[in-house]
Amino acid sequence: MDKSENRMFDKTVIGRRISELRRALGLTQAELADKLRVSHQAVSQWERSETFPDITLLPDIAFILGVSLNDLFSEKSSEAAFPAAEPAPQPEHEPAPKSAFVSDSKAPPKTIRANGDFIFRGDLNGDAEIDGECEIQGNLNGHAEVNGDLSVKGSIADYAEVDGDLTVGGRIGGYAEVNGDATVGSSIGGHAEIQGDANIGGGIGGYAEISGDACVGGAIGGYAEIEGDANIGGRIGGYAEIHGDANIGGGVDSYAEIDGDANIGGGIGSYAEIHGDANIGGGVGGDLSVDGDANVNGNVKGSIKCSGDLCVTGNVDGDINADGNVTVKPAEANGRSYVRGSIRSEGRVNVQGDVGGDIYAEDEIFVSGKVGGKIHRS
């Protein structure tokens, strides 16, 4: 073993280097211990040359102190490669936060652990476990577990688990679990569980479970469960359960259950239950239940229950039960529509085509074609 190798395992050399580099960064022994997840006594013993650090900790020690491994074992004094950031000024009576740890290292440990705020300059090619706020000025090529807010200028390759708000300039390759609001510039490849509001520039590949309002620029591949209002630019591949108002640019492949008003640009694959007004740009593959007014621009394969006025531009294979007026008309000017079942209305009935069953109405009845059953007018 040559002299350099002896020096690498010299407790005196590494103890003195840890002490001088720590002091240069303005860190206490306790703060360094917290970042390394070791005891304060362990750091004290290293610096007094009583013990040698565990070999597995050496890359983390060098990274936190801002030097290479070779520099860590060097007997020549040098300043740390990057200083700790000054804490941001705080309002009066507010406790000052822990100093942010700033790094632009090109070869960080596989997992970054910081007991405080953390800023990383560039891509982080690993995972991050941060007990504070975290800012990554490039891509996170792993996953992040952050107890504060997380801001990633680029993309997250895997997933983000964030106790605060999440801001991602690019996409999330896997999924996002966020206890605050989330803003994602592009898409989420898997699914999103967000306790606050969500603003996603692209689509969601799997499903979205959002406790606040949601604005999704693209489609949702699976299903959406949203506690607030929803504005979805594309379609929903599975089903939508939305407890506020919904504006869906495309259709819903399976079914939609919406507590507020609904504006759906396309059709609904099987069933829709809407507790407000409904404007559906396509057909409905099954039954339709609307507590307000309903406007359907397509065929309805099942029955319709509507608490307000109903207008269908197309055909209805089932029955119609409406508290308001009923209008069924063809899509083409010279076309002909039909209702295969019966119609019950507390208003007037206007069908530009045939009705297969009975008609019950409290106001005027107009049918341009045949009526298979009886006509009852109150």
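**Exercise 1. The whole protein**

Among the contacts in the protein with a separation of 6 or more, what percentage is accounted for by residues 24 or more positions apart? Then describe the make-up and surface of the protein.

*Solution.* Keep in mind that this is a predicted model.

- Step 1: Residues 24 or more positions apart account for 10% of those contacts.
- Step 2: Turn to secondary structure. The protein has six helices and 36 strands.
- Step 3: Look at burial. Of the 378 residues, 46% are buried.
- Step 4: Finish with the surface. The accessible surface is about 17,200 Å², and carbon and sulfur atoms hold 42% of that.

**Exercise 2. The nonpolar core**

Which residues of the largest nonpolar core touch the most other members? Follow one of them to its contacts.

*Solution.*

- Step 1: The largest nonpolar core has 98 residues, and those touching the most other members are Ile61, Leu72, Leu150, Ile156, Leu166, Ile304 and Ile320.
- Step 2: Helix H5, residues 58–65, gives the most to this core, with six residues.
- Step 3: Now pick isoleucine 156. Setting aside neighbours within four places in sequence, isoleucine 156 contacts Leu140, Gly142, Leu150, Leu166, Val168, Arg171, Ile172 and Gly173.

**Exercise 3. Two helices that meet**

How do the axes of helix H2 and H5 cross, and which residues make the contact?

*Solution.*

- Step 1: Recall what to look for: two packed helices are described by the angle and the distance between their axes.
- Step 2: The axes of H2 (residues 11–25) and H5 come within 10 Å and cross at roughly 35 degrees. The crossing of H2 and H5 is left-handed.
- Step 3: H2 brings Ile14, Ile18, Leu21, Arg22 and Leu25 to the contact, while H5 brings Leu58, Ile61, Ile64 and Leu65.
- Step 4: Sorted by class, the contact of H2 with H5 has eight nonpolar residues, no polar ones and one charged.

**Exercise 4. Two residues up close**

Is serine 49 buried, partly exposed or exposed? Work out the class of glutamate 145 as well.

*Solution.*

- Step 1: Serine 49 sits in the loop between helix H4 (40–47) and H5. Serine 49 has a positive phi of about 60 degrees, although it is not a glycine.
- Step 2: Partly exposed lies between 20% and 50%. Serine 49 has 22% relative accessibility, so it counts as partly exposed.
- Step 3: Glutamate 145, in strand E6 (residues 144–146), has a relative accessible area of 30%, so it is partly exposed.
- Step 4: Not counting residues up to four places away in sequence, glutamate 145 touches Ala128, Glu129, Ile130, Tyr159 and Glu161.
- Step 5: The C-alpha atoms of glutamate 145 and aspartate 131 are separated by 8.5 Å, with the two residues 14 residues apart along the chain.

Terms used: Residues numbered from 1 in each chain as written. Predicted model: local features only at pLDDT ≥ 70, side-chain atom pairs only at ≥ 80, totals over all residues. Heavy atoms only, no water. Helix = DSSP H or I, 4+ residues; strand = E, 2+ residues; numbered from the N terminus. Buried < 20%, exposed > 50% of the residue type's maximum accessible area, 1.4 Å probe, protein only. Contact = heavy atoms within 4.5 Å. Areas by Shrake-Rupley, 256 points an atom, 1.4 Å probe, with all protein chains shown as cover. Core = buried A, V, L, I, M, F, W, Y, C linked by side-chain atoms within 4.5 Å. Axes fitted to C-alpha atoms, helices over the stretch in contact; angles between N-to-C directions. Left-handed = near helix turned anticlockwise from the far one by under 90°. Nonpolar A, V, L, I, M, F, W, Y, C, P; charged D, E, K, R; others polar.
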